Amino acid sequence: MRTGCQSVLGTGLDMTAVGERSVLSKILATLAAVALAIVLGAVDYLTGREWAISALYLLPTCLAGWVAGRLAGFALGALCTGVWFLSDMLNGAAYHHPLIPAWNAVMLFVFFFVVVYLLTAFRRSHYYLEQTVERRTAALRAEMEERKRLEHAKLQAERLAVVGSMAAQVAHEIRNPLGAISLNLDLIGEEVNANASRNAHPSGECQMLLREMRLQVLRIHQVLQEYLRFGRMPKSERAVLSLNGWLEEKLNFVQPLLDQNHVDLRRKLDPDLPPVQADADQLWEALLNLIRNAVDAMPAGGNLTVSAKRSGAEALVSISDNGRGMSEEEARNLFVPFFTTKGDGTGLGLAYAQQVVSEHGGRIDCSTVRGKGSTFSIQLPLAVGA
Amino acid sequence: MDELEDKSVLVVDDDPGMLRAMTKVLAREGMQVTGVSDPAAVATKLADSEKRFDLVITDLRMPMFSGRGVLALASVLPELPVIIITAFGGSDVEAQTLGLGAFAFLEKPVTAAQLIEVVKRALARSPLRET
């Protein structure tokens with residue numbers, strides 16, 4: 001069964017990124033900051049109360065720095081400094097030394113520079129933190145989902161094991177009386193024949209009834225065999241198996257069954273498909289179950305497509321039919337042991353197929369469309385070195 | 001029927017219905033059948049010097065004393081073939097019991113014809129039959 005979990009720790013976080021704001025919002029914020037700086041400059045000039053206004057120049061500077069980034073912040077800092085200086089000059093303020101306004105402007109710009117620098121540094125660390133939390137949350141969520149899936153798979157495997165051992169136990173218990181019934185039927189048959197010869201009475205009717213009973217015993221025997229096959233599946237004995245040649249041979253074997261049911265077989269076998277490591281007998285029983293189901297889904301005949309190809313490090317074997325497809329409920333319970341829609345089915349065929357594929361480290365999936373058909377896909381790991 | 005006439009067989013099965021049915025099928029073939037439903041009595045039966053069995057047919061899973069125990073007891077008499085007939089089969093169990101020296105392994109249910117055929121084969125390969 002495919003397993004794997006993503007690492008919880010993120011890798012390579014981009015420390016230089018400023019944020020995930022859109023270009024438009026950055027432009028709008030910068031324009032708003034410029035407008036605000038100009039308005040502040042006008043108020044500064046008109047009121048002449050520069051020290052009361054000066055602190056407000058931080059607003060456009062911080063706005064641009066926070067939203068549009070460090071460079072925009074520095075630019076707005078420079079613009080605000082310029083606006084403040086211009087307003088101061090135009091107001092004709094008197095200073096002890098002619099360089100004092102220029103010195104004040106430089107100091108103001110340094111102040112803006114430091115504020116923007118610290119603000120954007122904080123913004124970056126805030127963004128980094130946000131991203132880290134987001135990534136770790138996503139990784140945790142993925143890991144939790146994977147754990148949930150594995151727990152579900154484990155639970156299902158345990159449930160299958162319990163069902164399997166129960167089925168095997170019941171099957172064994174039935175086989176004892178069935179053995180006695182089978183032998184007694186033979187004894188009755190002999191007795192009936194002996195009586196018929198003694199009394200010169202034909203025993204045809206009795207023999208027919210006995211035959212019917214033997215058929216029923218045989219039917220019970222077959223059902224028990226299926227239960228036992230499911231319940232005591234031996235560990236797979238895997239060997240390197242070339243799927244193409246093997247499938248060709250096996251499909252030839254089922255050709256008469258398909259002909260009899262007016263099913264047209266289409267083979268799409270990739271000649272370059274590498275081998276897999278599989279127990280050929282178990283795998284064939286699993287595939288045969290899928291083929292039988294496909295044939296049953298096309299009572300008036302149809303097309304059966306068997307394909308095999310490589311999919312990454314796996315071999316993908318698909319069996320598609322254009323039969324009646326399945327309802328949502330049928331598809332949901334497909335692999336549940338004992339679930340069947342057939343009058344004479346045991347409901348173990350697909351559960352067995354799933355058990356075999358899981359045992360091989362693969363997975364089996366099904367897609368179906370009501371009235372159009374179904375496709376079963378089996379993914380098996382390729383043989384080592386393939 | 002002649003092949004089996006007067007051959008002595010010990011049948012061990014804790015299921016009374018199965019034991020009765022097997023006993024009847026073999027008796028009809030002219031065999032002298034000793035049926036044992038209590039596996040603990042097998043040792044006594046096999047040790048009985050008055051009675052020499054040509055064949056043992058035993059169930060595998062029985063309370064107190066399993067078919068493997070019967071097999072072990074029978075192996076003391078190396079010329080005595082043992083047929084295992086069980087409801088608790090499987091290829092691994094089959095391989096194991098055949099490895100322990102069983103002549104044949106049958107899974108229930110069997111038909112009378114199948115049972116008789118295996119009994120004939122067992123007796124044919126038994127050195128006792130040849131002497």
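This is a short dialogue on reading a predicted model of a complex.

Colleague: Where is confidence lowest in chain B, and where is it highest?

Modeller: Begin with the average. Chain B has a mean pLDDT of 86, and 93% of its residues score at least 70. Then go element by element. Helix α6 (residues 127-130) of chain B is lowest, at a mean of 44. Strand β3 (residues 55-58) of chain B is highest, at 94. Over residues 127-131 of chain B the pLDDT is below 50. That stretch has six contacts in the model beyond near neighbours in sequence.

Colleague: How should I treat such a stretch?

Modeller: Where pLDDT is low, do not read the predicted coordinates in detail.

Colleague: What ipTM does the predictor give the complex?

Modeller: The ipTM is 0.82, and the pTM is 0.58.

Colleague: How many residues does each chain bring to the contact?

Modeller: Chain A brings 17 residues and chain B brings 18. On the chain A side, α5 (100-199) and α6 (204-231) each supply at least two residues. Of the elements there, α5(A) gives the most, with 13 residues. By class, the chain A side has seven nonpolar, six polar and four charged residues.

Colleague: Now a single residue. Is Val70(B) buried or exposed?

Modeller: Count the C-beta atoms around it. The cut-off for buried is 20 or more others within 10 Å. Val70(B) has 26, so Val70(B) is buried. Val70(B) sits in helix α3 (residues 67-74) of chain B.

Colleague: Which residues does Val70(B) touch, leaving out those up to four places away in sequence?

Modeller: Val70(B) touches Val12(B), Pro39(B), Val42(B), Val56(B), Thr58(B) and Val82(B). Take Thr58(B): 12 residues from Val70(B) in sequence, and 7.3 Å away, C-alpha to C-alpha.

Technical notes:
Residues numbered from 1 in each chain as written. Chains lettered and ligands numbered in written order. Predicted model: local features only at pLDDT ≥ 70, side-chain atom pairs only at ≥ 80, totals over all residues. pLDDT = per-residue confidence, 0-100. Helix = DSSP H or I, 4+ residues; strand = E, 2+ residues; numbered from the N terminus. Contact = placed C-beta atoms within 7 Å. Nonpolar A, V, L, I, M, F, W, Y, C, P; charged D, E, K, R; others polar. Buried ≥ 20, exposed ≤ 12 C-beta atoms within 10 Å, placed from the backbone.
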